[in-house]
Amino acid sequence: MTITEVSSSATSDLAAKANRHLWGHFARHGEGITPPIITRGEGTRIFDDKGNSYIDGLSGLFVVQVGHGREELAAAAAKQAEQLAFFPLWSYATPSAIELAERVANYAPGDLNRVFFTTGGGEAVESAWKLAKQFFKLTGKPGKYKVISRSIAYHGTPQGALAITGIPAFKAPFDPPTPGGFRVPNTNFYRAPEQFSSDPKAWGRYCADRIAEAIEFEGPDTVAAVFLEPVQNAGGCFPPPPGYFERVREICDEYDVLLVSDEVICAYGRIGSMFACDDFGYVPDIITSAKGLTSGYSPLGAMIASDRLFEPFNDGQTVFGHGYTFGGHPVSSAVALANLDIFEREGINAHVKENAPAFRATLEKLYDLPIVGDVRGEGFFYGIELVKDKATKETFDDDESERLLRGYLTPALWEAGLYCRADDRGDPVVQLAPPLISGQAEFDAIYDILHNVLSEASRRM
């Protein structure tokens, strides 16, 4: 019997163990809640312990770029583990980490040539803020420690990254936050004030200028960095308006503030290029990344910094006193190298760029439903905002959103065979980010399920 061919008694036993011992992440517990148990993945699909198959419409968690079940990635992990299972990068190096650092740096724009490995995205964000603080201390500007990010933006759960995160409900249980995080408007064009409703470039300029305003208000000698996702995740996939990042780059240069491109989701082909800053035409000072670097076959993150930021540490004495036991793990690094081999051999980025218009067009057919207010995103990363009144853009109140998303949509989409995200960290949205190997067949299947389920949601609400 394979792990996916479990008997009903074994399934029941797993569920009981989960209910007794497993503490889920961002999960509700008790009152009869038992998490679905996923046992296998193949291509663009996942399978549960009952043998049911689902479209993986979220790539696990924006992670599984090249799809599930890639034997060569498992083989790369096994081969490396047999040779050297572990050694830290604390004043030492391993061949796989060295090779991966060079490869990632070669993909990065400008002079972003220094790669600091972590085990995940939140750690990469944490590392970037710490680097920004120490860099300015070393270069004669010790008062620069504050960071600016956007409202509703999610940047991770470590205490520093949480202070950068712009979702109040995520921070309130852990108050007081690390000092220094400040918020500016996000780029949700669908919810822009009326004067910008027909001018996305003016909206982008307005949002970018709020960053300059915040720097001035806090004092340029106190602000170290601006953290921005190329396409903001939380709130439902907010793309940058035309000219937005060009203006942000000008502002950061004017005030000597570092621009951090948080690409934990957007890097490694999700928008189309290896790094999404290339898709939108700007060169940051730091890139934070994780997720798609290994397609999830082993945990790994990376902070990629410019030569300018590394220079004060290159004197034979100064240390960046920061690190993680498993950062740059040799097995994870070997898996990442094999994953990037697949990207290049199969033309994954080109596939995304070629098929992204079809993905958009397929999802935009959902506009015929009264509950669908906006379809937005880029590449293989989309959000569908749900509204109570399409003409006025009226959204759902908290109780209605609870009934809509958790009471109906999440279980209904799952039962219909689609794993995705129904989210209300901003206004209610359904988020989609299928594996980058997906094509029209997957787009059509996703559309069919969404259309059926959202039609019923419209009737119910």
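**Entry 1: the second largest pocket**

I began with the lining of the second largest pocket, to which strand 4 gives the most, with four residues. I note at the outset that I am working from a predicted model. The space in this pocket comes to about 850 Å³, and I found 26 residues lining it, of which Leu89, Val115, Phe116, Phe310 and Phe320 lie nearest its centre. Besides strand 4, the elements that give two or more residues to the lining are helix 4 (95–107), strand 10 (301–306) and helix 11 (307–310).

**Entry 2: the seven-stranded sheet**

I then followed strand 4 into its sheet, which is open, has seven strands in the order 4-10-9-8-7-5-6, and shows mixed pairing. Strand 4 (112–118) and strand 6 (181–184) stand at the edges, each with a single partner strand, so one side of each has no neighbour in the sheet. On average, and with direction ignored, neighbouring strands here are turned by 25° against each other.

**Entry 3: strand 5**

Which strands does strand 5 pair with in parallel? I looked up both sides: four bridges join strand 5 (residues 146–150) to strand 6 in parallel, and three bridges join strand 5 to strand 7 (residues 223–228), also in parallel. Towards strand 6, I recorded valine 184 as the bridge partner of arginine 150 and arginine 183 as that of serine 149; towards strand 7, isoleucine 148 stands opposite valine 226.

In a regular strand the side chains alternate between the two faces of the sheet. I therefore checked the two faces of strand 5 separately, and both are covered, with Lys146, Ile148 and Arg150 buried on one side and Val147 and Ser149 buried on the other. This agrees with the count for strand 5, in which five of five residues are buried.

**Entry 4: the four-stranded sheet**

I turned next to an open sheet of four strands, ordered 11-12-15-14 with antiparallel pairing. Its edge strands are strand 11 (372–378) and strand 14 (421–423), each of which pairs on one side only, and its neighbouring strands are turned by 20° against each other on average, direction ignored. Strand 12 (residues 381–386) pairs with strand 15 (residues 429–432) over four bridges in the antiparallel sense, and within this pair I found glutamate 385 opposite valine 429.

Two helices lie across this sheet's strands. Helix 13 (residues 348–364) lies across strands 11, 12 and 15 and runs at about 15° to strand 12, whereas helix 14 (residues 398–415) lies across strands 12, 14 and 15 and runs at about 170° to strand 14.

**Entry 5: nonpolar cores**

I looked up the largest nonpolar core, which has 87 residues, and noted that Phe275, Ile384, Leu386, Leu409 and Leu450 touch the most other members. Helix 15 (residues 440–460) supplies the largest share of this core, eight residues. Leaving aside neighbours within four places in sequence, leucine 450 is in contact with Leu363, Leu366, Ile384, Leu413, Leu418, Val430, Leu432 and Ser455. A second, separate core has 22 residues, including Val125, Phe136, Val260 and Leu309.

**Entry 6: serine 273**

Is serine 273 buried or exposed? I located serine 273 in the loop between strand 8 (258–262) and helix 10 (276–280). Its relative accessibility is 10%, and because the cut-off for buried is under 20%, serine 273 counts as buried. Not counting residues up to four places away in sequence, serine 273 touches Tyr268, Asp278, Asp279, Asn349 and Lys353.

Methods. Residues numbered from 1 in each chain as written. Predicted model: local features only at pLDDT ≥ 70, side-chain atom pairs only at ≥ 80, totals over all residues. Heavy atoms only, no water. Pairing = 2+ DSSP bridges. Axes fitted to C-alpha atoms, helices over the stretch in contact; angles between N-to-C directions. Core = buried A, V, L, I, M, F, W, Y, C linked by side-chain atoms within 4.5 Å. Buried < 20%, exposed > 50% of the residue type's maximum accessible area, 1.4 Å probe, protein only. Contact = heavy atoms within 4.5 Å. 1 Å grid on protein atoms, 1.4 Å probe; cavity = no way out; pocket = protein on both sides within 12 Å on 5 of 7 lines; lining within 4 Å. Points joined across faces, edges and corners; volume = space filled by probe spheres on them.
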